[in-house]
Amino acid sequence: MAGGSSPRAPRRRSRRSKARTPACFWPSFLMRRKSEGFWLDMVMNSKGCGDVSGPEVEVFETADGSKTLVDVERGVHYRSRHGAVQESRHVFVEGSGLIARAGTWRVLELGFGAAVNLVETVRAFRESDEAKRLVYHTVDWRPVGPEALAFHEGEGGALAREVAAKATKRSGEAVRALSEDGHVEVVLHAMAWDEVRLGEGEEVDAVYHDPFAKEVNPEAWTPACFAWSRSWAAPHARLATYSAATAVRQAMEEAGWKVWRAKGPGRKREMTVATLQDESVEPPGLKRWGQG
Ligand SMILES: C[S@@+](CC[C@H](N)C(=O)[O-])C[C@H]1O[C@@H](n2cnc3c(N)ncnc32)[C@H](O)[C@@H]1O
């Protein structure tokens, strides 16, 4: 959630894995530029000048035994400390309605982060008898390096590391990875959300709205940001987010989304789902927000 109790609001660090996983391990020459409140480190290494390092991160084991990352500088967790995989599956893979879809799954995610959502979406796609193709657009202005994602196993992990490696060479661009059978395509847009344009006919079925909490990423919870994701969404699309904050829901409504309350993951009371079509019957598990 975007409020002070968010699992991703800055907190004291704890339960970190002993193995420190710096996002970039080459000697660095720091040319710092202030960018939207962050310092970007330009790294010079043996492969030449121009690679862009990600944030300094460490692997963190969450309460369900699954892992995520913690941003060392700011002390923020990339997924809930109460269960990274649990949150990812409940809020995003299931909450967006993607898991019930047949045919092609098209996703737009704001926040590639530790790639837990990507890995869990690839897993759900491979487990589905009805899904035929997955196109996963993910956006991150500060993607972590591939070595920070070594904790992920399987196909999703390999695809995540491939796009992360390409993004360290080509910051500000969209980089791609394709599964061996060609059924899964991952596109990492290594830039701020407001610079991202999808291709012609690339309307998505699901929006994963997953930046850090409002205290850390205020620009990602504005009506402008929700209008941006709306502009790439198919009429039947659903947006899902862990936040249940009133200000966030108001921003979604202002951008033209219809807002629904849904049960949160684990012991969390609520999360938010948004749709574009008026649904005559309440979808199972959802209650319309702001209507009495
Ligand atoms: C909570 S993490 C994402 C977690 C990820 N989805 C996962 O499953 O591991 C939030 C990410 O959003 C990115 N982000 C925040 N604001 C952004 C913006 N304005 N444009 C692009 N990326 C942004 C951050 O760099 C960070 O990596």
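Two strands count as paired if DSSP finds at least two bridges between them. The legends below use the word in that sense for a predicted model.

**Figure 1. The whole predicted model, with its helices and strands.** The protein contains five helices and 15 strands. Of its 292 residues, 46% are buried. Contacts between residues at least 6 apart in sequence were also examined: 65% of them join residues at least 24 apart.

**Figure 2. The open sheet of nine strands.** Its strands follow the order β9-β10-β8-β7-β11-β12-β14-β13-β15, and the pairing is mixed. At the edges are β9 (174-178) and β15 (286-288), each of which pairs on one side only. From one strand to the next, the twist averages 20°. Helix α4, residues 223-231, packs on this sheet. The helix touches β7 (103-110), β11 (204-209) and β12, and its direction makes about 135° with that of β12.

**Figure 3. Strand β14 and its pairing with β12.** How do β12 and β14 run relative to each other, parallel or antiparallel? The two strands, residues 233-241 and residues 270-275, pair in the antiparallel sense over four bridges. A240 has V273 of β14 as its bridge partner, and R238 stands opposite T275 in β14. Strand β14 is mostly covered, with five of its six residues buried. When following the side chains along a strand, keep in mind that in a regular strand they alternate between the two faces of the sheet.

**Figure 4. The hairpin of β13 and β14.** Strand β13 covers residues 258-263 and is joined to β14 by six bridges; the two run antiparallel. Within this pair, R261 stands opposite T272 in β14. How many residues lie between β13 and β14 in the hairpin? There are six, and G266 in the turn has a positive phi of about 55°.

**Figure 5. The surroundings of M191.** M191 sits in the loop between β10 (184-189) and β11. Why is M191 partly exposed? It has 18 other C-beta atoms within 10 Å. A buried residue would need 20 or more and an exposed one 12 or fewer, so M191 falls in between. Apart from neighbours within four places in sequence, M191 is in contact with W141, G172 and V196. V139 is 52 residues away from M191 in sequence, yet the C-alpha atoms of the two are 6.6 Å apart in space.

**Figure 6. The residues around the ligand.** The ligand has 23 residues around it. Which of them come nearest? They are G111, G113, A114, V116 and N117. By type, the shell divides into eleven nonpolar, five polar and seven charged residues.

**Figure 7. Confidence along the chain.** The protein has a mean pLDDT of 85, and 81% of its residues reach 70 or more. Over residues 1-7 the pLDDT is below 50, and this stretch has 18 contacts in the model beyond near neighbours in sequence. Over residues 11-50 the pLDDT stays under 50 as well. For residues 11-50 the model has 62 contacts beyond four places in sequence. Where pLDDT is low, the predicted coordinates should not be read in detail.

Terms used:
Residues numbered from 1 in each chain as written. Predicted model: local features only at pLDDT ≥ 70, side-chain atom pairs only at ≥ 80, totals over all residues. Contact = placed C-beta atoms within 7 Å. Near = placed C-beta within 6 Å. Nonpolar A, V, L, I, M, F, W, Y, C, P; charged D, E, K, R; others polar. Axes fitted to C-alpha atoms, helices over the stretch in contact; angles between N-to-C directions. pLDDT = per-residue confidence, 0-100.
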